[in-house]
Amino acid sequence: MTVALRWIGHSAYSLDIDGHKVLIDPFVSGNPIAKAAAKDLDADVILLTHAHGDHVGDSVEIAKRTGALVVCNFEMGDWYLAHGVQNVYQGNPGGTFRNDWMSAKWTLAFHSSSFPDGTYGGQPNGFVIRGGGAAIYHAGDTCLFGDMNLIGDEGLDLALLPIGDCFTMGIDDSIKAIKLLQPKAVSPMHYNTFAPIEQDVSAWAARVESETGVKAIVPEPDGEFSL
Ligand code: NI
Ligand code: MN
């Protein structure tokens, strides 16, 4: 497999899939833990899980500068089209975006979704991303839910799970989620960005390995790892 991941911070990732660039939820400017600068980020595809400001982030600027395809839910897509982003692919849970080097399947997420300007942002979602021989689940912002076992049936190499509590599942429920998803490895997101979502990530990693046997990968902000 040849997928390299860079955790920008919060729920933001840059993926390199066989030389192609995918950005997920690129919240960079104003992200207290991000070290990257939005102007330096490149993208062929931008995946968005929902419309909250800590996920939409710098996506409009990056999409306009790079011409990247924005892949998001239907209502979000209409907002991007109305804000000068012309390269948009709209879907909803159950659907799959495909090109010749990756796919991204919309999954359920239980959360809310509105843009910072108050516009309704449609149904929040996660994605199962396939490319470079790997399957990666980005959960978006969500609580634990039982149908994660169906997402696990996809055969996941990596799950990216929120652990911050308050707005999403916390550590206890993330352990249950990992048992349902059965990924080969798991990496935490959506924690320590702001005071309400501070977590002891070392304690989380120790629990993951002792209670689930799944490999826990904990990068620093701007840290890279590969599958
Ligand atoms: Ni959110
Ligand atoms: Mn969020």
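Along the chain, the residues that donate to the manganese ion (ligand 2) follow the spacing D-H-x85-D-x48-H. In this predicted model, those donors are Asp54 (OD), His55 (NE2), Asp141 (OD) and His190 (NE2), lying 2.2 Å from the ion. Asp54 and Asp141 bring together distant parts of the chain: Asp54 sits in helix α1 (residues 53-56), while Asp141 belongs to the loop between β10 (134-138) and α4 (148-152), 87 residues apart. Asp54 has a relative accessible area of 16%, so it counts as buried, the cut-off being under 20%. Asp141 is buried too, at 2% relative accessibility.

The manganese ion has a neighbour, the nickel ion (ligand 1), 3.0 Å away, and Asp141 coordinates both. Here are the two sites side by side.

| Ion | Protein donors | Donor distance | Spacing in sequence |
|---|---|---|---|
| Manganese ion (ligand 2) | Asp54 (OD), His55 (NE2), Asp141 (OD), His190 (NE2) | 2.2 Å | D-H-x85-D-x48-H |
| Nickel ion (ligand 1) | His50 (NE2), His52 (ND1), His111 (NE2), Asp141 (OD) | 2.2 to 2.3 Å | H-x1-H-x58-H-x29-D |

What is the geometry of the nickel ion (ligand 1) site? It is irregular, with angles of 87 to 177° among the 4 donor atoms. The nickel site also links distant parts of the chain, with His111 in the loop between β8 and β9 (125-131) and Asp141 in the loop between β10 and α4, 30 residues apart. His111 is partly exposed, its relative accessible area being 25%.

Now to the strands. An open sheet of 7 strands runs in the order β7-β8-β9-β10-β11-β12-β13, with mixed pairing. Its edges are β7 (96-98) and β13 (215-216); each has a single partner strand, so one side of each lacks a neighbour in the sheet. At the β7 edge, 3 bridges connect this strand to β8 (residues 103-108) in the antiparallel sense, and Thr96 has Lys105 in β8 as its bridge partner. Helix α5 (residues 171-181) lies across β10, β11 (158-162) and β12 (185-189), at about 155° to β11.

Another pairing worth a look joins strand β1 (residues 3-9) to β14, antiparallel over 4 bridges. Within it, Trp7 stands opposite Gly223 in β14. Which residues of strand β14 (residues 223-226) make up its covered face, and which its uncovered one? Gly223 and Phe225 form the covered face, whereas Glu224 and Ser226 form the uncovered one.

Terms used
Residues are numbered from 1 along each chain as its sequence is written. Chains are lettered from A and ligands numbered from 1 in the order in which they are written. This is a predicted model: local features need pLDDT of at least 70, side-chain atom pairs count only at pLDDT 80 or more; totals for chains, interfaces and linings use all residues. Side-chain values use heavy atoms; hydrogens and water are left out. Buried means under 20% relative accessible area, exposed over 50%, partly exposed in between (1.4 Å probe, protein chains only). Helices (H or I, at least four residues) and strands (E, at least two) are DSSP runs, numbered from the N terminus. Two strands pair if DSSP finds at least two bridges between them. Donors are N, O and S atoms within 2.8 Å of the metal (3.2 Å for Na, K and Ca); water is not among the atoms, so sites may look incomplete. Contact means heavy atoms within 4.5 Å. Axes are lines fitted to C-alpha atoms, for helices over the stretch in contact, and angles run from 0 to 180 degrees between N-to-C directions. Four donors count as tetrahedral if all angles lie between 85 and 135 degrees; four count as square planar and six as octahedral if opposite donors are over 155 degrees apart and all others between 65 and 115; anything else is irregular.
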